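Trainee: Could we go through this model together? I'd like to learn how each label gets its backing.

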Amino acid sequence: MLSRFPVDRQTAVWMFLVAATVLTAVVGLEQHGDTAAVGLLLLAIAFVKIRLVALHFMEIREAPLPLRLLVEAYVGVTFVALVVIYLVA
Amino acid sequence: MSIETAPVDDAPREGTRAAPAPRADGKRIPGEEGLWVFILGDMAVFALFFGTILVTRGEDPAMFASAQHELHPWLGIVNTALLLTGSLFVIHGLRRLGDGTPAASRLFGLTLLTAFGFVAIKATEYTLLVDEGFNGGTNDFFMYYFVFTGIHLAHLVIGAIIVVFLIRTARRPKLTPGQRKFAECGAIYWHMVDLLWLVLFPLLYLIR
């Protein structure tokens, strides 16, 4: 079915997201030793992924600046808050 | 099917009469403004859920890790792939909307299948866990696991109902600007369900 689609920007993003999901799952499930570093890596990748979904799937990259800033702020602030909780709590 | 014709000056093009005038900077609000109040509000509530999960982990890392170990991560991974793929079908369906072919409704139909797949896998996960003796009362991890994945599942079911309407809308030979806008809003909602799972999944299944 997918072979009928041209590999456009959004399909390329989808391919990246699926690949990142499988790879990070393997890293997450096989983790040994320094779990904090792995945890932070997994958290960072998750937020890269949701930013890609917002920009390319929800078309926020074409949105007026105030809306784009709101979404970028959500991604940034939530990520930083979770990192702080992860490291401090 | 579609034949490009040069628009005649002063004659409103089909399907654009109710559309707002294009902005000078070429930017446009995906869906509509009111939808984004809801989307960002919902995402903010989920941000609190995300924080709650990590606070619970911080309070008792050993309990969190051992409870997390009982989950079935590969089912969660398949569900992540299903949601992402459903999003891809929505994007392509939206692109084919109103092109005079059944492509859009079929693509939205495929999204609906991914939603059914997600629900079936989630139901399997819940059943496996309960059979293995874990439920919302087992400990804080499982309470939040069932509550937050349950709330997310409710969002997904609403998304699936919206997709049913998208399939019906896509079957119309001609779409009004309002119907097109509805389809765009429905697509954004689906992507939000996808986006929220992309954080919920690693927090519950992977991050120790």
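Trainee: What pattern does chain A follow along the sequence?
Mentor: Chain A reads α-α-α. Its secondary structure comes to three helices and zero strands. Keep in mind that this is a predicted model.

Trainee: How much of chain A is buried?
Mentor: Of the 89 residues in chain A, 46% are buried. To earn that label, a residue must have a relative accessible area under 20%. As for what chain A still exposes, that is about 4400 Å², with carbon and sulfur atoms supplying 74% of it.

Trainee: What share of the contacts in chain A comes from residues 24 or more positions apart?
Mentor: Such residues account for 65%, counting contacts with a separation of 6 or more.

Trainee: Why is E59(A) called buried?
Mentor: Buried means under 20% relative accessible area. E59(A) has 17%, so the label buried fits. E59(A) sits in the loop between α2 (35–57) and α3 (65–88) of chain A. There's a quirk too: E59(A) has a positive phi of about 65° although it is not a glycine.

Trainee: What makes R68(A) and E72(A) a salt bridge?
Mentor: The cut-off is a side-chain nitrogen of Lys or Arg within 4 Å of a carboxyl oxygen of Asp or Glu. For R68(A) and E72(A) the N to O distance is 3.1 Å, and the pair passes.

Trainee: And where do R68(A) and E72(A) sit relative to each other?
Mentor: They are four residues apart in helix α3 of chain A, so about one helical turn separates them. R68(A) has a relative accessible area of 23%, so it's partly exposed. E72(A), at 22%, is partly exposed as well. Salt bridges that share partners also join R51(A), R68(A) and E72(A) into one network.

Trainee: How do you know that chain A and chain B touch?
Mentor: Contact means heavy atoms within 4.5 Å. The contact takes 42 residues from chain A and 43 residues from chain B.

Trainee: How much area do the two chains bury between them?
Mentor: About 3900 Å², and 77% of it is on carbon and sulfur atoms. On the chain B side, L88(B), L206(B) and R208(B) supply 15% of the area buried against chain A, more than any other three residues.

Trainee: How many salt bridges cross the interface?
Mentor: The rule finds two between chain B and chain A, while the count over all chains comes to eight.

Trainee: What makes D8(A) and R95(B) a salt bridge?
Mentor: Their closest N and O atoms are 2.1 Å apart, and the limit is 4 Å. The pair D8(A) and R95(B) therefore counts as a salt bridge under that limit.

Trainee: What about E62(A) and R28(B), how do you know that they qualify?
Mentor: Their side chains are 3.8 Å apart, N to O, and the rule asks for within 4 Å. The pair crosses between chains, from E62(A) in the loop between α2 and α3 of chain A to R28(B) in the segment before α1 of chain B. E62(A) counts as partly exposed because its relative accessibility is 28%. R28(B) is partly exposed too, at 33%.

Trainee: Which residue pairs with R96(B) in a salt bridge?
Mentor: D99(B) does, with the closest N and O atoms 2.7 Å apart. R96(B) has a relative accessible area of 36%, so it is partly exposed. D99(B), with 23%, is also partly exposed.

Trainee: How many residue pairs are in polar contact across the interface?
Mentor: The rule finds ten. The residues of the side of chain B that touches chain A divide into 29 nonpolar, seven polar and seven charged.

Trainee: Last one: why is W74(B) called partly exposed?
Mentor: That label covers values between 20% and 50%. W74(B) has 47% relative accessibility, so partly exposed is right. W74(B) is found in helix α3 of chain B, and touches V26(A) and L29(A), leaving aside residues up to four places away in sequence. W74(B) and Y205(B) are 131 residues apart in sequence, yet 9.5 Å apart in space, C-alpha to C-alpha.

How values were computed
Residues are numbered from 1 along each chain as its sequence is written. Chains are lettered from A and ligands numbered from 1 in the order in which they are written. This is a predicted model: local features need pLDDT of at least 70, side-chain atom pairs count only at pLDDT 80 or more; totals for chains, interfaces and linings use all residues. Side-chain values use heavy atoms; hydrogens and water are left out. Buried area is the accessible area (1.4 Å probe) that two parts lose on being put together, summed over both. A polar contact is a pair of N or O atoms within 3.5 Å; within protein, one must be able to donate a hydrogen and the other to accept it, and residues adjacent in sequence count only if both atoms are side-chain atoms. Ala, Val, Leu, Ile, Met, Phe, Trp, Tyr, Cys and Pro count as nonpolar, Asp, Glu, Lys and Arg as charged, and the others, Gly among them, as polar. Helices (H or I, at least four residues) and strands (E, at least two) are DSSP runs, numbered from the N terminus. Buried means under 20% relative accessible area, exposed over 50%, partly exposed in between (1.4 Å probe, protein chains only). Accessible areas come from the Shrake-Rupley method with a 1.4 Å probe; for residues, only the protein chains shown count as cover.
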